[in-house]
Every structure is written in C-alpha cells, then in structure tokens.
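Work through the exercises below with the structure open beside you, and try each task before you read its solution.

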Amino acid sequence: MFALNGEIYHFQNYNQLIAELKHSMPIQALMRITFSAGIILCKSLMIAEIVKQQRKYKQQVIEENGDIRGVERRNTIYFNIGLLLTMITIGQLVPSVIFHALLKIGIILAVIATTRFCVNQHKHIMILESKNYNKGNSIKEKINQWLHQEPFPLADNELTMEKAAASIGIPTAALSYYIYEFASKTFLSWQSECRMLHCRELLTNDNKNISEIAYECGYNDLAAMSKAFKKRFGVAPTIYRKNLSDTKEN
C-alpha cells in the first residue's frame with residue numbers, strides 16, 4: 001500500500017506498522033490499483049481474443065497444408081508484446097529501480113525486434129511486388145490478370161495452390177507467401193473472397209441470371225452462393241441486384 005502511494009516508510013516496531021495500517025488507504029493508492037486492474041482486464045480480454053483468432057487461423061493453415069511459419073512468427077511477437085505490456089502494468093505497482101531498469105531494457109529490445117520484423121516483412125512484400133516474371137509483370141499483376149480470365153479460374157473446386165501457381169506462371173512458394181502474408185488469408189479463404197468479388201461483379205450484368213452466375217463462380221447450387229454472398233456482403237444476391245437496378249433508374 002505504501003509503495004502504491006509512492007512513499008517509503010521505515011517502521012521501528014510492529015506497533016508502528018499496525019497503527020499506520022489502521023489509517024484509510026490513500027486516494028493515490030486506490031487510483032493506481034483501479035487503473036492497473038482495469039488495464040489488466042482489458043489486456044486479458046485482448047489476449048484471449050488474439051489467441052482465439054490465431055488458433056483458428058493456424059488450424060486453417062494446417063488443414064490446407066500451408067506454411068505455418070508466418071503464424072508462428074506472429075505468435076512470438078504477440079506473446080512478447082503481451083508480456084511487455086503486463087510488465088509495464090506491474091511497474092505501476094512496483095517501485096523497484098532494478099525492475100524499472102529491466103523494463104526499459106525490455107522495451108528497447110521489443111522496439112528493435114518489432115522494427116526488424118516489420119522491415120523484413122516489408123522487404124519480402126517488395127520482392128513479391130517488384131520481381132519480374134514473364135514480360136515484367138509483378139506477382140500481384142499476374143494474379144489479377146489470371147483472376148479475370150475466362151472461364152473464371154477459381155470456379156474449379158479441385159483447384160490446389162500448386163495448380164493455381166502453375167496456371168498463373170509463378171512459383172508455388174511465391175503464391176503461398178502472397179496469400180498468407182500479403183493478403184493475410186488462407187488459400188481457401190482467399191479463394192472464397194475472390195469468388196465473392198467475382199459474383200458481385202457479374203451481378204452488374206443483367207444478361208446473366210443468378211443461377212448461371214453461381215455455377216460460373218464455382219458454386220454447386222444457387223443456395224450455396226446466396227448463403228456465402230449474404231454472409232460476405234450482408235444482403236442476398238437478388239436484393240443486391242435489385243438495389244443496383246433501383247440506383248440506375250434513379
């Protein structure tokens with residue numbers, strides 16, 4: 001309590017300590033305790049959500065036989081940042097000079113490690129974006145051109161990352177890194193997102209009915225496409241097309 005109040009007491013005997021403890025807790029100590037408890041609660045909720053999402057994402061990558069090194073790197077960074085934030089919070093309660101010196105060293109090391117990770121991440125992304133393959137197109141440009149081919153390449157339900165990379169004309173490792181690290185998705189979630197965007201684009205064409213669009217985008221039936229579309233955009237494809245028509249008329 002005395003440390004929380006920012007004061008240091010030297011007691012000569014047990015009676016002096018008891019007499020001091022009978023006094024009400026200083027408002028400064030109460031404020032520090034409340035502040036620290038609130039911060040710890042918020043951090044606990046944040047860490048729980050991060051752990052939940054990371055486990056879910058890692059399971060997706062494992063199921064799709066993807067490279068989990070990116071997941072492991074993020075887990076390490078999240079853990080170290082969470083540990084550092086916890087130490088900073090504890091520092092509100094601990095007046096030890098040694099503890100605060102170690103805490104400052106930890107902050108410096110964390111900043112260096114995070115900076116190195118971000119620089120390396122940016123370097124890899126720049127390599128993907130700038131490295132030329134066939135006629136000077138970058139990875140992103142080649143993927144975009146591939147997605148606009150006819151018929152829609154992601155309509156193949158048996159498509160694997162290896163087949164997709166071969167069709168695009170890039171190494172499988174490059175496509176894997178682009179999807180997992182640049183797009184922050186698994187192959188299946190990236191495929192689903194691209195299908196939805198293609199569906200939305202085709203819905204602007206009144207010459208095609210929605211069933212045709214569903215099959216063209218790789219869905220076995222209209223119900224499956226409608227469910228996925230509503231989950232992604234919040235409205236059924238029929239309503240989306242109707243809203244487009246209403247907008248054009250107005």
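**Exercise 1. The overall fold**

Which pattern does the protein chain follow when it is read along the sequence?

Solution. Keep in mind from the start that this is a predicted model. Begin by counting the elements: the protein chain has 11 helices and 0 strands. Next, follow the chain along its sequence, and the pattern comes out as α-α-α-α-α-α-α-α-α-α-α. Finally, consider how the residues are covered: of the 250 residues of the protein chain, 28% count as buried.

**Exercise 2. A covered helix**

Find how many residues of helix 7 are buried, and name them.

Solution. Locate helix 7 at residues 172-182, and then count within it: 8 of its 11 residues are buried, so that this helix is described as mostly covered. The buried residues of helix 7 are Ala174, Leu175, Ser176, Tyr177, Tyr178, Ile179, Tyr180 and Glu181. Now step just past the end of helix 7, where Ser184 takes a positive phi of about 55°.

**Exercise 3. Salt bridges**

Determine how many salt bridges a search of the whole structure finds, and describe the side chains that meet in them.

Solution. The general idea comes first: side chains of opposite charge can pair when their charged atoms come close. A search of the whole structure finds 2 salt bridges. In one of them, the side chains of Arg232 and Glu193 meet at 2.9 Å, taken from N to O. This pair links distant parts of the chain, since Arg232 belongs to helix 10 and Glu193 to helix 8 (residues 187-202), with their positions 39 residues apart in the numbering. To place the two partners relative to the surface, note that Arg232 is partly exposed, with a relative accessible area of 38%, whereas Glu193 is buried, with a value of 18%. The step that decides this is the cut-off, because a residue counts as buried under 20% relative accessible area. In the other salt bridge, the side chains of Lys208 and Glu216 meet, again with a distance of 2.9 Å from N to O. Lys208 is partly exposed, with a relative accessible area of 23%.

**Exercise 4. Cysteines without a disulfide**

Why is Cys217 in no disulfide, given how far away the nearest cysteine sulfur is?

Solution. Start with the whole structure, which holds 0 disulfides. For Cys217, the nearest cysteine sulfur is that of Cys199, which is 3.2 Å away. A disulfide needs two cysteine sulfur atoms within 2.5 Å, and therefore Cys217 is in no disulfide. As for cover, Cys217 is buried, with a relative accessible area of 0%, and Cys194 is also buried, with a relative accessible area of 11%.

**Exercise 5. Two surface patches**

Identify the residues that form the positive patch and the nonpolar patch on the surface, and the elements that contribute to each.

Solution. Take the positive patch to begin with: Lys52, Lys56, Lys227 and Lys231 form it. The elements that give two or more residues to this patch are helix 2 (27-63) and helix 10 (222-233). As an example, Lys227 lies in helix 10, and Lys227 is exposed, with a relative accessible area of 68%.

Then turn to the nonpolar patch, which is formed by Met46, Ile47, Val51, Ile81, Leu85, Ile88, Ile107 and Val111, with about 570 Å² of accessible area together. Helix 2, helix 3 (69-90) and helix 4 (97-130) are the elements that give two or more residues to the nonpolar patch. One of its residues, Ile107, lies in helix 4 and counts as partly exposed, at 32% relative accessibility.

**Exercise 6. Loops and distant partners**

Where is Pro151 found, and what separates the C-alpha atoms of Tyr219 and Asn157?

Solution. Pro151 is found in the loop between helix 5 and helix 6 (161-168), and a cis peptide bond joins Glu150 and Pro151, with omega at about -5°. Tyr219 has its place in the loop between helix 9 (210-216) and helix 10, and Tyr219 counts as buried, at 10% relative accessibility. The C-alpha atoms of Tyr219 and Asn157 are separated by 8.3 Å, although these residues are 62 residues apart along the chain.

Terms used. Residues are numbered from 1 along each chain as its sequence is written. This is a predicted model: local features need pLDDT of at least 70, side-chain atom pairs count only at pLDDT 80 or more; totals for chains, interfaces and linings use all residues. Side-chain values use heavy atoms; hydrogens and water are left out. Patches are made of residues with over 30% relative accessible area and no salt bridge: like charges are joined within 9 Å, nonpolar side chains (Val, Leu, Ile, Met, Phe, Trp, Tyr) within 5 Å. Accessible areas come from the Shrake-Rupley method with a 1.4 Å probe; for residues, only the protein chains shown count as cover. A salt bridge is a side-chain nitrogen of Lys or Arg within 4 Å of a carboxyl oxygen of Asp or Glu. Lys and Arg count as positive and Asp and Glu as negative; His and the chain ends are not counted. The place of a charge is taken as NZ of Lys, CZ of Arg, CG of Asp or CD of Glu. Helices (H or I, at least four residues) and strands (E, at least two) are DSSP runs, numbered from the N terminus. Buried means under 20% relative accessible area, exposed over 50%, partly exposed in between (1.4 Å probe, protein chains only).
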